[in-house]
Each structure stands twice: as structure tokens, then as C-alpha cells.
Amino acid sequence: MGLIYVDADACPVKAEIYKVAERHAMRVQVVANSFIQTPRADWIALTQVGDALDAADDWIAERAGPADIVITADIPLAGRCVKTGAIVLAPNGRLFDENSIGLALATRNLMTDLRAAGEQTRGPKPFTPRDRSTFLSALHEAILRLKRRVSP
């Protein structure tokens with residue numbers, strides 16, 4: 001079975017990822033621009049990639065594949081990982097797949113263009129306990145889906 005890759009710098013659900021991964025005996029690869037405290041466990045690894053633009057995204061996208069799960073709120077990274085066949089979840093539990101990533105990228109690009117043109121846009125909604133609960137359920141389901149995918 002593959003890994004759970006975590007785009008960790010701004011990830012609000014790292015503790016939940018560790019909890020669910022341990023329950024399912026999955027390894028976790030935490031990728032960050034700077035040091036992040038992680039639990040001391042042989043199934044959790046931290047990779048610091050430095051502060052170059054998109055360094056963490058590039059590191060994850062070059063390695064994630066069909067046997068892996070990627071946790072990220074970064075929509076361009078999600079798109080890259082969907083193309084590799086990875087299961088991709090946002091920290092709020094939203095699944096990015098072939099059917100949803102196109103609209104997510106188009107919306108992100110539209111909002112970027114509006115902001116560049118001086119338009120005032122709202123930021124993301126505040127992260128809620130319900131988002132955390134939804135994420136826990138989505139990650140559990142993603143791991144089960146992955147296990148079915150890689151089982152003979």
C-alpha cells in the first residue's frame with residue numbers, strides 16, 4: 001500500500017491524518033517548507049523542501065501515484081496529483097477527482113484573475129468542526145477505496 005502525502009504547511013487536519021493513518025496502518029509523508037513537529041513514529045516521515053516557490057507541491061507531485069492519497073488545499077497541486085491517479089482530498093473532506101478538478105481549477109483561476117484586476121473577493125470560509133468531521137470520514141473512505149484498488 002502507498003503513502004498518505006500531506007501538503008503540511010497550512011494543513012489544519014494533521015492530527016486527524018495521523019489518527020486515521022495509524023488505525024489503518026498507513027505510512028504518512030509530511031512535506032513542508034519548514035520544520036513541523038510530528039509525532040515520533042516510524043510510520044511518519046517529515047521532508048523539509050526549503051522555501052522555494054512550489055517546492056512542496058513539486059516534491060509531492062513527482063512522487064504521488066495511484067497507490068497514494070494526497071491531502072492538500074492547493075488546487076493546482078490537486079490537479080497534478082489527480083493526473084497521476086492519486087486519491088486527493090482537501091482538508092475539509094472535499095474529494096478532487098477527474099470529474100471535479102476542472103471546475104475547481106477554473107474557479108480558482110477566475111478568482112485569481114478577479115483579485116489581480118483589483119476586485120475584492122472573500123477568502124476561504126473559516127474551518128469548522130463540521131469540516132474536521134467530514135474530513136475524518138472522507139479520509140477513512142479514501143483509505144478503504146485505496147485498499148480495494150490495490151488488493152488482488
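This passage walks through the fold of the protein chain, two of its helix packings and a handful of individual residues.

The structure is a predicted model. Its protein chain holds five helices and six strands, and their order along the sequence reads β-α-β-β-α-β-α-β-β-α-α. The chain has 152 residues, of which 41% count as buried. Its accessible surface comes to about 8700 Å², and carbon and sulfur atoms account for 52% of that surface. Turning to contacts between residues at least 6 apart in sequence, 49% of them join residues at least 24 apart.

Helix 1 is a good place to begin a closer look. This helix spans residues 14-23, and its buried residues are K14, E16, I17, Y18, V20 and A21. The list includes K14 and E16, two residues that count as charged. The buried residues of helix 1 pack against several elements: strand 1 (3-7), strand 2, strand 3, strand 4 (69-71) and helix 5.

The last of these partners, helix 5, invites a description in geometric terms. Two packed helices are described by the angle between their axes and the distance between the axes. For helix 1 and helix 5 (residues 129-150), the axes come within 10 Å and cross at roughly 30°. Angles under 35 degrees count as roughly parallel, so helix 1 and helix 5 are roughly parallel to each other. Their crossing is right-handed. On the helix 1 side, the contact is made by E16, I17, V20 and R23; on the helix 5 side, R132, F135, L136, L139, H140 and I143 take part. By character, the residues of this contact divide into six nonpolar, one polar and three charged. E16, I17 and V20, which take part in this contact, are also among the buried residues of helix 1.

The loop that follows helix 1 carries the story on toward helix 5. H24 lies in this loop, between helix 1 and strand 2. With a relative accessible area of 11%, H24 is buried, because the cut-off for that class is under 20%. Leaving aside residues up to four places away in sequence, H24 touches H140, I143, L144 and K147. H140 and I143 also belong to the helix 5 side of the contact with helix 1.

What value does phi take at A25, just after helix 1? Phi of A25 is near 55°, a positive value in a residue other than glycine. Most residues other than glycine have a negative phi. A25 sits in the loop between helix 1 and strand 2 (27-32), and A25 is exposed, with a relative accessible area of 72%. The loop therefore holds both a buried residue, H24, and an exposed one, A25.

D54 also has a positive phi, about 65°, although it is not a glycine. This residue is placed in the loop between strand 3 (44-48) and helix 2 (55-63). At 39% relative accessibility, D54 counts as partly exposed.

The second packing of interest joins helix 2 to helix 3 (residues 75-84). These two helices pack at an angle of about 10°, with their axes 9 Å apart. Helix 2 and helix 3 are therefore roughly parallel to each other. The contact brings together D57, D58, I60 and A61 of helix 2 with L77, R80, C81 and T84 of helix 3. Its residues divide into four nonpolar, one polar and three charged.

Two further residues round out the picture around strand 2 and strand 3. T47 is found in strand 3 and is buried, with a relative accessible area of 18%. Not counting residues up to four places away in sequence, T47 touches Q29, V30, V31, A32 and W59. A41, for its part, lies in the loop between strand 2 and strand 3. With a relative accessible area of 24%, A41 is partly exposed. A41 and R27 are 14 residues apart in sequence, and their C-alpha atoms are 9.7 Å apart in space.

How values were computed: Residues are numbered from 1 along each chain as its sequence is written. This is a predicted model: local features need pLDDT of at least 70, side-chain atom pairs count only at pLDDT 80 or more; totals for chains, interfaces and linings use all residues. Side-chain values use heavy atoms; hydrogens and water are left out. Helices (H or I, at least four residues) and strands (E, at least two) are DSSP runs, numbered from the N terminus. Buried means under 20% relative accessible area, exposed over 50%, partly exposed in between (1.4 Å probe, protein chains only). Contact means heavy atoms within 4.5 Å. Accessible areas come from the Shrake-Rupley method with a 1.4 Å probe; for residues, only the protein chains shown count as cover. Axes are lines fitted to C-alpha atoms, for helices over the stretch in contact, and angles run from 0 to 180 degrees between N-to-C directions. Angles under 35 degrees count as roughly parallel, over 145 as roughly antiparallel, 65 to 115 as roughly perpendicular and the rest as oblique. A crossing is left-handed if the near helix is turned anticlockwise from the far one by less than a right angle, and right-handed if clockwise.
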